[in-house]
Every structure is written in C-alpha cells, then in structure tokens.
Amino acid sequence: MSDSEQHGTSRRDLLKLIGTVAGSAAMYQAMTSLGVAAESPYSGPIKLEGDPKGASVLILGAGLAGLVAALELRKAGYKVQLLEYADRIGGRCWTLRGGDRYTELGGFEQQCAFDKGLYLNPGPWRIPYHHHAMLDYCKRFGVALEPFVQVNYNAYLHSHRAFAGKPQRLRHVLSDFNGHVAELLGKAVSQNKLDEMVTQEDKEILLAALRRWGALNRDYTYAANGFTSDRRGYERDPGGGLAGAPTVSQPVGLGDLLKSGLWRHLATGNIYEFHTTLFQPVGGMDMIAKALARELQGLVQLDAKVTSIKQDAQRVTVTYQNSKSGGDVRTASADWCICTIPLSILSQIDINVGNEMASAISAVPYDASCKIGLQFKRRFWEQDDAIYGGISYTDLPISLIGYPNTGYSDAGKAVLLGAYTFGPYAYELTALPPAERVKRAVAWGAEIHPQYEAEFENGIAVGWHRVPGVQGCYGLWSEETRKAHYKNLCQIDGRIALAGEHASYLPAWQEGAVLSALDTISRLHQRVVASR
Amino acid sequence: MSSFVPSTSLLLAMLVATGAAAQSADGTFSSNQRFVPKNGEVLYRSICQGCHMPDAKGAVGAGKFPALARNEKLEANGYPVFVVLNGLRGMPGFGLYLDDEQVAAVVNYVRSHFGNNYRDNVSAGDVKAAR
C-alpha cells in the first residue's frame, strides 16, 4: 500500500478494515507484513535474574558463542574462565589482514600481503537485518556497521557455456526473464487459456499486474522500448542537452535466456537471509569478536588445546595443553562447563556425557567451503565496469566474485572475494596447495574480468577443512540427524552444556551461535539458581 | 561461510546452479554436482588429500585427521567403503558426490598405496551393495 493510503489511518484501524473486508487470513498476512506478528527468537538483552552465589563456569572456545556466554554469565555474577585453542579470539568470526600469517593443517603457511586497511573475512561476511541478536550485540558493544550489498543489478551473471562466455548484467537477465515470463502468462490469460485457474474477476487484475511487473506493452509483448529500458537499462543512457536523447536497449530472447541457465541465480536475493538490508562491520568481521573480548581481558587463555572434559557430581575438570608446544598437561575446573568446541573436534575429545549427547556429538559432519581473497592494483570493477559492491555469480569453480562494499572510488588498491565455494569445488580447492588455489582463482576470475591478469598482486586462500580449530565450515545437519539428535545435543548433560552454530537452527550463521549461547545460559542459570 | 552459509535449500540451489566446466586436464573441477575423475589416484588428489594430506599421514590441530598411510583399519575393505559413502563423525559422506566405480577406485587406491598393501580390491558391485 502507498503512503497516501495509509495516511490518516492508524495501523489498528487498517487491520480491522482488512479483517472485515478480506477475512482473517488476509489480516494475518497484513499483520505480518506490518511487522506485528512475526516472532523473533531474540527479545533484547538477556536478563539472568537470581543470584548464582559465586558459581563458576568454564567456557571452552572463544568464538561468538563462547564470548557471549562469558560476558552474560559474568554480568549475572558467575566466575568465568575461557579456554581457546587458537592464538586469537573469535573462532570463525575472523579477518585476515596484511601481515597476518596463517598456517593451515598440514603445515601449509600463507603470509597475507594485503595493503593496510584491506582484508578478507574467511568466514562469515554478512549480517541480515533480521539477525536481531547480532545487530544488538554490535550496537551494545559499539561495533560500527555499514551496508553489505547482496544484490547489485549491474554485477554479472556468468556461465562459461552461455553467451560465448561473456558475462551478462543481472539487470538484463532479471528484467528480460521477468518480461518474457510475464508476456507468456499475459498472452495465455488474455486468450482465456487459464480460465480454469483464474476467476474472471482476478483475470483483469492479473493482466494489469503482469503488465506492470514485466514492463509489457498493451498487447502483452515484452519489447525494446523506454518502458523496458527503464528496467534493464538503456543502450545509451539519457543525458542532457542536444545530445542527450537516450537509445533503448534490446532484450535478450527467451530461448537464449533459458538455455543460458543464468536464471538459476535470479532468486538468490529473494532468499530471506539475503534480503536487503544486510550489514558488515566496518574494518572486518573480527571487529565484533574484538569488541566482545575487550571486556573479558585476563579471562581468556589462548593456545589451550582441550584434551579431555570430565564431570562428576560436584565439578567439571578439563585438561589442556599448549596448542603449539604441547608440554605439560594442565587442568582447569569449575562448577559448570559450556562447551562451544565444534562437533568435528569435540567428537574426538574424551568427554564423559551420557550416550544420548555423545551420539549427537558424533552425528554431525562438517561441510566444505573455500574462500579466496585477491588484491588488485586498482578497483577496475568500479572504474571499468561500474560495479560498486555486491556479487557476481558464475558456474566456474570460484562460484562468485564478491566486490568490496566499502571504500568506493578509492584510487588505490583493493581486495575482492575471488572465490566462495561449497560442494565438490570446495573440496577440490581445499585439496590444492594454497598458492595453487589463488593462481586458479585468478585464472578463472579473468574469464569474467580480463583485467585480473594485469592488475592482480597477491592473494590468500582458506579451505575450511584445513582450519586447525574447526576442521570444516559448519555443522551439516540433515532432517534425519536433526530429528534423531538435535534435542539431545542441546540438553544440559549433568554439568556440561553445549553451544555454537551447531546447536542452532541457523547453521553457519553467527546469529545461530549467539542465540544458541543465550538459550544455553538461560537454561543453565535456571538450574544453578534452583539448586542453590 | 557466511554465514556465513545460508540455508540448506540455498546450498542445494547452489549445487544445482553449477554446471559442467572442463577446466583441468585431469578432469577435476569439471562439475559442482558430482566429482568427475574416475581414476583412484586423481580422486585422492582432488578430495581426500584436502584433509588426510598429500602423504596420507593426516594432520593434527585442535583435533586430527587420521593417517590413512599404514592404517590397519583399512584391512577390512568394507570399512573404508562405508566411511567414504556415509562419512564418520565430522567427516562428510561422499555417497551423493561419487558413483560406485569412483568409490571403489579411490578405496582401492588408498588400500594399495601409502604403505598399505591390501590386494583384495573392492568392486563397484560391492559399493552398490553397501549403499
């Protein structure tokens, strides 16, 4: 509805009107779209009421789940201590910058050679507007956000098998696909071919809608004219003065579009998690972890490799060693333990929990993924191709190119995401030596941006199965495993409770890790307060 | 990992979205729906060594990737077939990405290399029966 229609009418009046006229289903739909009915699992800062009376909690893993658990439990009066395997805080909330050294499993070492201020987020890189917990923590801890561009109409869709390998602008493929489908449907409806499916009353509305949606002529054709060029862009854009007359552009034919397969990418931006607006932290994703960790100074033991987790009726005792040098086995103990260690690792650690939780810990495989950051001498995608942020998609093994969503029009160097893959391509990339991954990403990317060859400077590649602290990208639940094991994974087992993205319905998303941590500490706190 | 990774439905969409691209002389990187190489060694080089390492000696971090070199658990040939098809703990299964011949080829390669000398090869039929 337009602003003018809403003007002067309260939301309640409007809903009543809709309810009266159109029935309750329509009213529910309207309520949802007005933001009344949709429930968020996050209802603001957690309130842990009641005195834990000095109870202590040992938290394993200093990723977002562990950090959030530590902060909130400490605030509620617990004594907290964290153990972290890596030599940095943040887990998969991670940013690589120039000067960073990254050694993956197998000992393959990379030196990040990005210029100052440039970075790659090897893990999460975007935060949807409805990830309320993430946004709230960013707000509360002063993490500056900027827009993450998911859909860029001027970015490319590319198939090496279509249009002679020439990348196509999203605005062309999207407008033309919509237009042709609208034309087909418009003709079918206007020729009464869908009468069994569309009432006479709806037919007129549908025809009007199709014309507007697809930019169709009165005869329901999708053709080259100002109307369609206002969607897909002009051959020559409108200008000023005597030489300003625009030239309309020619749509691509339906058959070519269908055969190209590029329509596969059109719905990506329609996915709830990718709806505008998305955000990214200014300066890199790990700004979030750093902000959270600021209040936990002195409480996090880095380089601590957990080797066993044992509980008895009174306490939980964890043994650990220095991750790099090995050496003496040390112990840490507390009344309770929140373990956020990824299941890929935890399933290898000696832990005395019941059979149900133990089975759950061993039931979740970790997916493959690979990300590659590439530094170029200049922003040719902006300067030559007018692509400012967003993502181009391709069927080449790099799968996509993500352009920087910040620093637009900077005259200097820049880093883009040169590959982000899942599935077989991710395994194949991970199996290569890091330098070879980068080399291939440059060669494939050059099929879309020929400027790659002259402008490339250096790159860094992260295959997630080789990340030493996680051995994979995220916990890959299936419907069957979730049904059989998820509850058992999330239940508190004696004095041990788990948290992390793997204990959420938002696999791989940071929001999942945070919501999982909040849910776990709420339940743990209830138990503690009740027992004291 | 965007999620850094999106929903399962999106992942499926992404899998479907990628077509065949003959990119390497050895047949790797040619499809994101299934692995294409048929040769056991090429399959090892394009999948397994990502975790079990080029020398098959595995790796140690917070946890470990077990060595396949000189690994006595490979003696019973049904075991590696089961693990490749279904995965084990954090290891994903490859049953959806590999056909019976490919599973047999890579299992036979590993069982006859890296200090393993098991001669009783598995067949595609054995793999099929294990699915």
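**Notebook: interfaces of chain B**

I began with the contact inside chain B, where five residues of domain 1 of chain B touch five residues of domain 2 of chain B. The model is a predicted one. For the bounds I consulted the domain assignment of chain B, which places domain 1 at 1-33 and domain 2 at 37-130.

I then looked up the area: domain 1 of chain B and domain 2 of chain B bury about 320 Å² between them, and 67% of this lies on carbon and sulfur atoms. On the side of domain 1 of chain B that touches domain 2 of chain B, I noted one nonpolar, three polar and one charged residues. I searched this domain interface for salt bridges and recorded zero. The search for residue pairs in polar contact, both at pLDDT 80 or more, also returned zero.

Next I turned to the interface of chain B and chain A. I recorded 49 residues from chain B and 58 residues from chain A in the contact. The two chains bury about 4200 Å² between them, with 62% of it on carbon and sulfur atoms.

I asked which elements of chain B give two or more residues to the side that touches chain A. They are helix H1 (8-17), helix H2 (40-52), strand E1 (59-60), strand E2 (64-65) and strand E4 (91-92) of chain B. By class, I entered 27 nonpolar, 18 polar and four charged residues for that side of chain B.

Finally, I checked the polar terms. Between chain B and chain A I found 12 residue pairs in polar contact, both at pLDDT 80 or more, whereas the rule gives zero salt bridges across this interface.

Key
Residues are numbered from 1 along each chain as its sequence is written. Chains are lettered from A and ligands numbered from 1 in the order in which they are written. This is a predicted model: local features need pLDDT of at least 70, side-chain atom pairs count only at pLDDT 80 or more; totals for chains, interfaces and linings use all residues. Side-chain values use heavy atoms; hydrogens and water are left out. Domain bounds come from an automatic or database domain assignment. Contact means heavy atoms within 4.5 Å. Buried area is the accessible area (1.4 Å probe) that two parts lose on being put together, summed over both. A salt bridge is a side-chain nitrogen of Lys or Arg within 4 Å of a carboxyl oxygen of Asp or Glu. A polar contact is a pair of N or O atoms within 3.5 Å; within protein, one must be able to donate a hydrogen and the other to accept it, and residues adjacent in sequence count only if both atoms are side-chain atoms. Ala, Val, Leu, Ile, Met, Phe, Trp, Tyr, Cys and Pro count as nonpolar, Asp, Glu, Lys and Arg as charged, and the others, Gly among them, as polar. Helices (H or I, at least four residues) and strands (E, at least two) are DSSP runs, numbered from the N terminus.
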